Amino acid sequence: MSLTIPDGEFVAIMGQNGAGKTTLVKHFNGLLKPTKGEVLVDGVSTRSVSVAKLARKIGFVFQNPDHQLFSETVEEEIAFALRNFGFEEATIEKHVTWALNLLDLTEYRKASPFMLSGGERKRVALASVLAWDPSVVILDEPTIGQDHKQKEKLRQFIVQLNEQGKTVVIVTHDVEFVAECNPRVILMVDGKIVASGEAKRILSDAALTYSASIVPPQITQVFHNLANFGLPSDVIDVYEAKKILLGLFGEIKR
Amino acid sequence: MSVFEGFRFRHVTSSIHKLDPRVKFLFVLAIFIIAVLFTEVLPLLILFFLPLPFVFAARVQREWVRSLRGAIFLATIIFVFNFVFGYFYQLQAGAVLLEYSISMSLRFMVLVESFSIFFLTTSPDHLSLALEQSHVPYEFTFAFTTAVRFVPVLAEEAQTIMDAQKARGLELERGNFLKRIRNYIPILIPLIVSAIRRSLELAEAMESRAWGASPKRTNLYTLKMKSGDFVLIVLSILLLTIGLYLRYFVSIPPLSYFLP
């Protein structure tokens, strides 16, 4: 497989369970080393650098927050990575406050991470990675176990991170979420990349999504079924769909 | 973790896998007893190579070698301890002490290898059947098989947690001895917490599937002895008799006897 992710890009890696999405992203920060070929981060092979060094550049938020939470307080949890990277105490304090604020966790500063709800724990895990301000953020299944409101917040948050110039990679099979974010989509089947390109093109391609066991967004399905009425088949966004449908109604009225 | 690999059951069909687990356990027990009887290298060496035909017949050689490789580290520690403390105790480092230390680690290897064969060729289901038919209360049987079954799950989870903490800049191999131990706290706490959580969930799932509803359980399959089992019983008894005879009626030459 060959893949290049330029700085500042927003990428979603999609595919069915066991397609190799998580395995692929674990190569990005050196948790897994390639048995053949090479993975370069800023031109440096991951084989020649330790995970801890790479982690300074590449923040990786794991799927299950319970796999990383261990401190007595949320504050300590977020400071953990900063201490590992050798930040100074004053800087740590500043970064922790910033991260707590960013993810709406300030009120839980002194709470135990184990007492928080699932969604909150997930946010703590996210904060503990964003706190050191990595230039690349990898999120493994960020939408699992989040209600609609939190998902919407997360979406805005990810888009905002990307606008600040960070490279964002998400691993997911939540099509609706990807359709709303509109990133570059990389589709994987059986450990291989079968397609890469604009979300609009890939998620509306019936044959492609079928081969990767992904159901296209509902709005796309509706438009596919209405193709006889001259509607475009590459719509994935609800707002765009609304515009097209309203235009159509306007024509009919006239 | 590699020691655990050697105890992980994989479904293979062979004549060894089909043997009654109780009989296999008897065989392992016979080897165990003989291993404890001797402190000389020669009989232990024979004992070490004795189960090899079983390993090949069961086609588990790769896993078996892996479990031995994992045990070598502990065997080395046993050797060093025996040698060093034996030296201070007797104030001599002759051939006798050397042979004794080698035998002690060899004995350990024999124990590991025989139990590894047992677990590699016995499915957890068969094991629980054997325990049940030996009138062990089902609660204990269940707890035991569950523990065996969760070892690989826990090992995998530990790996994920390690990855997650490494991604946050944790370096396990950094610092002095004490610091290195402390480095494992961020790994152990999530592991323990999730193990407790999982056991509570398992208990709830069991309750909702009517665990313990009928006091007398019946099984779809029952274990029956076949001709192969009787052959192994005879073999085990023979082995034990030979071992006891050698121990009490024959003097075993020390290793130095063979040296010029």
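Which strands of chain A does helix H6 (residues 148-163) lie across? In this predicted model, H6 lies across S1, S5 (136-140) and S6 (167-171) of chain A, and its direction makes an angle of about 145° with that of S6(A). The model as a whole scores ipTM 0.86 and pTM 0.74.

The strands beneath this helix belong to an open sheet of chain A, in which six strands follow the order S4-S5-S6-S1-S7-S8 with mixed pairing. Strand S4 (58-61) and strand S8 (192-198) each have a single partner strand, so one side of each is left without a neighbour in the sheet. From one strand to the next, the twist averages 15°. Strands of a sheet pair through backbone hydrogen bonds, in either a parallel or an antiparallel manner. Both arrangements occur around S7(A). Strand S1 (residues 10-15) runs parallel to strand S7 (residues 184-189) of chain A, and five bridges join the two; within S7(A), A:Val185 is the residue opposite A:Ala12. Towards S8(A), by contrast, S7(A) runs antiparallel and is joined by six bridges, with A:Leu187 bridged to A:Ala195 in S8(A). S7(A) and S8(A) form a hairpin with two residues between them, and A:Asp190 in the turn adopts a positive phi of about 50°.

Several residues of these strands recur in the nonpolar interior. The largest nonpolar core comprises 72 residues, and those with the most contacts inside it are A:Ile13, A:Ala127, A:Ala131, A:Ile138, A:Val178 and A:Val185. For A:Ala127, the contacts beyond four places in sequence are with A:Ile78, A:Ala99, A:Leu100, A:Leu102, A:Leu103 and A:Leu105. A second core, separate from the largest, has 25 residues, among them B:Leu19, B:Ile31, B:Val60 and B:Phe118. In soluble globular proteins, nonpolar side chains tend to be buried together.

The loop that connects S5 to H6 in chain A contains A:Glu141. Because 19 other C-beta atoms lie within 10 Å, A:Glu141 is classed as partly exposed. When residues up to four places away in sequence are not counted, A:Glu141 touches A:Gln63, A:Val171 and A:Thr172. A separation of 9.0 Å is found between the C-alpha atoms of A:Glu141 and A:Val61, although these two residues are 80 residues apart along the chain.

Chain B has a mean pLDDT of 86, with 94% of its residues at 70 or more. The chain contains 11 helices and zero strands, and its C-alpha trace spans about 70 × 60 × 30 Å along the principal axes. Of the 260 residues in chain B, 25% are buried. Among the contacts in chain B with a separation of 6 or more, 81% are between residues 24 or more positions apart.

The contact between the chains takes 21 residues from chain A and 17 residues from chain B. On the side of chain B that touches chain A, helix H8 (138-166) and helix H10 (185-208) each supply at least two residues. By class, this side of chain B has nine nonpolar, four polar and four charged residues.

Notes:
Residues numbered from 1 in each chain as written. Chains lettered and ligands numbered in written order. pLDDT = per-residue confidence, 0-100. Pairing = 2+ DSSP bridges. Helix = DSSP H or I, 4+ residues; strand = E, 2+ residues; numbered from the N terminus. Axes fitted to C-alpha atoms, helices over the stretch in contact; angles between N-to-C directions. Contact = placed C-beta atoms within 7 Å. Nonpolar A, V, L, I, M, F, W, Y, C, P; charged D, E, K, R; others polar. Core = buried A, V, L, I, M, F, W, Y, C linked by C-beta atoms within 7 Å. Buried ≥ 20, exposed ≤ 12 C-beta atoms within 10 Å, placed from the backbone.
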